[in-house]
Amino acid sequence: MTEHAGAAASSPLAGVRIIEIASFVAVPLAGMTLAQLGADVVRVDPITGPADYHRWPLADSGTSIYWTGLNKGIRSVAVDLRGGDGQRLVRELIASAGVLITNVVGRQWHSYGELVSERPDLIHVEILGRADGTTGVDYTVNAGVGFPLVTGPAGHAGPINHALPAWDVACGLYAALGVSAALHHRDRTGQGSRMSLALENVALATAGSLGFLTEPMVTDRERPRLGNALYGQYGQTFTSADGVDFMVVALTERHFRDLVDVTGTTKAVAALADALEVDFADEGDRFGHREVLGGLFADWFRRHDAATIEAELTATSILWERYRSFGEVAAGPRVTANPLFDTLDQPGVGPYHAAGSPLAIDGAHPRAAAAPALGADTATVLTELLGLSDAQIRRLEQDGVVATARPR
């Protein structure tokens with residue numbers, strides 16, 4: 001197999017080719033993750049562009065920051081996916097590559113049953129909304145799993161969604177893991193794999209593993225809303241004299257002891273323990289009496305500015321961080337001085353600090369590469385994978401079967 005020129009020979013997935021038919025978060029994230037590990041990932045989209053090609057946020061040019069962020073380092077082929085000629089062309093690409101990841105479900109022409117006859121060792125990964133085949137996106141799945149009813153301040157009556165599409169992210173990483181496992185299986189046995197992954201099942205499995213579902217099964221108790229507190233442990237938000245908010249977590253007895261010491265509340269906490277007949281060395285007692293403990297500690301935070309608090313907490317074992325906006329983080333050293341990030345000049349967006357893979361391999365992070373324009377690699381991919389000539393590609397373009405790069 002010809003290795004994609006952009007993948008270093010030492011990359012874990014160098015020499016692997018993957019076809020992606022997708023939109024939105026989970027599958028593009030899986031494709032980008034696999035590309036960062038060295039795979040040649042070719043995204044196939046309709047000639048008119050995918051549904052998320054112009055999704056917000058947008059750069060001043062109108063280019064989607066969202067789309068370019070999730071499709072870094074891949075290649076783009078634009079094909080008429082509604083017509084028979086385009087569908088046959090994509091099937092040939094899939095057969096040549098041997099791996100398909102998609103969340104465009106219900107299309108018989110690129111189903112496993114149709115494709116496996118053309119590539120018996122095919123790896124076919126399909127992401128669904130729900131396992132029964134009905135639709136679902138992160139925000140609807142999240143609503144049906146339970147998290148919005150335990151998110152937000154104590155006493156709040158209605159649901160509160162969070163901004164992070166957690167199930168899309170987890171689903172994309174599961175898909176990348178599934179492809180990697182299937183590649184190993186194929187190398188070992190010569191056999192392909194048919195995999196399906198439901199977004200809702202990712203959410204349900206995670207909620208079950210973390211105890212959110214098991215708790216009501218075995219105790220008949222529902223998880224309460226806690227605001228910024230940490231369930232079952234001691235963790236709370238405190239505000240400094242100059243109005244900076246800090247998240248402080250004491251998971252262990254040592255953490256808690258250091259928090260008591262740094263806030264100068266040793267005598268007060270000991271007296272409270274005696275009065276309540278509890279032992280704050282026990283995490284359950286710390287959690288159960290978090291509000292009164294928080295009242296003791298809050299006074300110290302209110303009397304000190306953020307710089308002093310940071311210096312004092314840094315000298316302890318306490319787990320803490322100040323709350324920061326995305327803008328603060330983007331401008332700060334955790335981005336600008338972090339080897340995870342490199343300056344990337346993305347057409348339509350401009351230069352910015354772009355994250356490569358968070359997985360450091362032999363001490364280095366695979367670097368970020370620019371996302372393609374729609375159809376930017378149509379001619380190259382058709383030549384490399386299918387051996388089509390320039391004349392054949394021009395004819396396909398004239399017939400409206402494929403398209404090459406066009407402005408966003």
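Which residue forms a salt bridge with Arg 75? Keep that question in mind while the whole model, which is predicted, is still in view.

**The whole chain**

Begin with everything displayed: the protein has 17 helices and twelve strands, and its C-alpha trace spans about 85 × 45 × 40 Å along the principal axes. Of the 408 residues, 45% are buried, and the protein exposes about 20,100 Å², of which carbon and sulfur atoms supply 54%. If you colour by charge, the 32 positive and 47 negative charges have mean positions that are 4 Å apart.

**The salt-bridge network**

Now select Arg 75 and Glu 384, which form a salt bridge with their closest N and O atoms 2.9 Å apart. Arg 75 lies in strand E3 (residues 75-79) and Glu 384 in helix H16, so the pair ties together parts that are 309 residues apart in sequence. Arg 75 is buried at 5% relative accessibility, whereas Glu 384 counts as partly exposed at 38%.

Next add Asp 40 and Arg 17, another salt-bridged pair, whose closest N and O atoms are 2.9 Å apart. Because Asp 40 belongs to strand E2 and Arg 17 to strand E1 (residues 17-21), this pair ties together parts that are 23 residues apart in sequence. Asp 40 is buried, with 1% relative accessibility, and Arg 17 is buried as well, with a relative accessible area of 6%.

**Along helix H3**

Move to Asp 85 and Arg 88, where a salt bridge brings the closest N and O atoms to 2.3 Å apart. The two residues are three apart in helix H3, and are therefore separated by about one helical turn. Asp 85 is partly exposed at 46% relative accessibility, and Arg 88 is likewise partly exposed at 49%. Before leaving the salt bridges, display Arg 17, Asp 40, Arg 75 and Glu 384 together, since salt bridges that share partners join these four into one network.

Staying in helix H3 (residues 84-97), select Gln 87, which is buried with a relative accessible area of 18%. Leaving aside residues up to four places away in sequence, Gln 87 touches Asp 80, Leu 81, Arg 82 and Trp 109.

**A covered helix**

Select residues 26-36 to show helix H1, which is mostly covered, with eleven of its eleven residues buried; among them are Val 27, Leu 29, Met 32 and Leu 34. Continue past the end of H1 to Gly 38, which follows the helix and has a positive phi, near 110°.

**Backbone features in loops**

Go on to Trp 56 and Pro 57, where the peptide bond is cis, with omega near 5°; Pro 57 lies in the loop between strand E2 (40-46) and helix H2 (65-70).

Then select Asp 220, which is not a glycine and yet has a positive phi of about 65°. Asp 220 sits in the loop between helix H8 (214-219) and strand E7 (234-239), and is exposed at 71% relative accessibility. Asp 362 also has a positive phi, near 55°; this residue is in the loop between strand E11 (350-355) and helix H16 (378-386), and is exposed at 81% relative accessibility.

**The last stop**

Finish at the surface by selecting Glu 253, Asp 279, Asp 282 and Glu 283, which form a negative patch. Of these, Glu 283 lies in helix H11 (residues 283-288) and is partly exposed, with a relative accessible area of 37%.

Conventions: Residues numbered from 1 in each chain as written. Predicted model: local features only at pLDDT ≥ 70, side-chain atom pairs only at ≥ 80, totals over all residues. Heavy atoms only, no water. Patch = residues over 30% accessible without salt bridge, like charges linked within 9 Å, V, L, I, M, F, W, Y side chains within 5 Å. Areas by Shrake-Rupley, 256 points an atom, 1.4 Å probe, with all protein chains shown as cover. Salt bridge = Lys/Arg side-chain N within 4 Å of Asp/Glu carboxyl O. Lys, Arg positive; Asp, Glu negative; His and termini not counted. Charge placed at Lys NZ, Arg CZ, Asp CG, Glu CD. Helix = DSSP H or I, 4+ residues; strand = E, 2+ residues; numbered from the N terminus. Buried < 20%, exposed > 50% of the residue type's maximum accessible area, 1.4 Å probe, protein only. Contact = heavy atoms within 4.5 Å.
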